[in-house]
Amino acid sequence: PAHLALTWPIGDRGTAKRLHRIRCPRLVIWGALDELLPPSLGAAWGGATIIDGAGHLVEWDCPDEVAATITPFLA
């Protein structure tokens, strides 16, 4: 059915094909236990920092680890 093209695969909006346009440094953080968007998608996004013990809402599951990852990146 046509409606499935709007919802599957979840999260695939062609972003990986457009990431080369981003010229500034980027940081992708992914939860190792993400069940909506598997961590393997991080490779398609140019690599990702995987946070063990975190699911889809990484910043809620492991806020200290996320902060520890973001802080040096912003410095």
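Which residues form a nonpolar patch on the surface? Read on to the second view for those.

**View 1. The whole chain, a predicted model with five helices and two strands.** Starting at the N terminus, the elements go α-α-β-α-β-α-α (DSSP runs numbered from the N terminus, with helices being H or I of at least four residues and strands E of at least two). Of the 75 residues, 20% are buried (under 20% relative accessible area; exposed is over 50%, partly exposed in between, 1.4 Å probe, protein chains only). The accessible surface is about 5,600 Å², and carbon and sulfur atoms own 63% of that (Shrake-Rupley, 1.4 Å probe; for residues, only the protein chains shown count as cover).

**View 2. The patch around Ile-70.** Ile-70, Phe-73 and Leu-74 make up the nonpolar surface patch, together offering about 280 Å² of accessible area. Patch members have over 30% relative accessible area and no salt bridge, with nonpolar side chains (Val, Leu, Ile, Met, Phe, Trp, Tyr) joined within 5 Å and like charges within 9 Å; a salt bridge puts a Lys or Arg side-chain nitrogen within 4 Å of an Asp or Glu carboxyl oxygen. Ile-70 sits in helix H5 (residues 63-74) and is partly exposed at 31%.

**View 3. Val-28, in the loop between helix H2 (15-18) and strand E1 (29-31).** Val-28 counts as buried, with 16% relative accessibility. Beyond its neighbours within four places in sequence, Val-28 is in contact with Trp-45, Gly-47, Ala-48 and Thr-49 (heavy atoms within 4.5 Å).

**Notes.** Numbering runs from 1 along each chain as its sequence is written, and side-chain values use heavy atoms, leaving out hydrogens and water. Local features need pLDDT of at least 70 and side-chain atom pairs 80 or more, while totals for chains, interfaces and linings use all residues.
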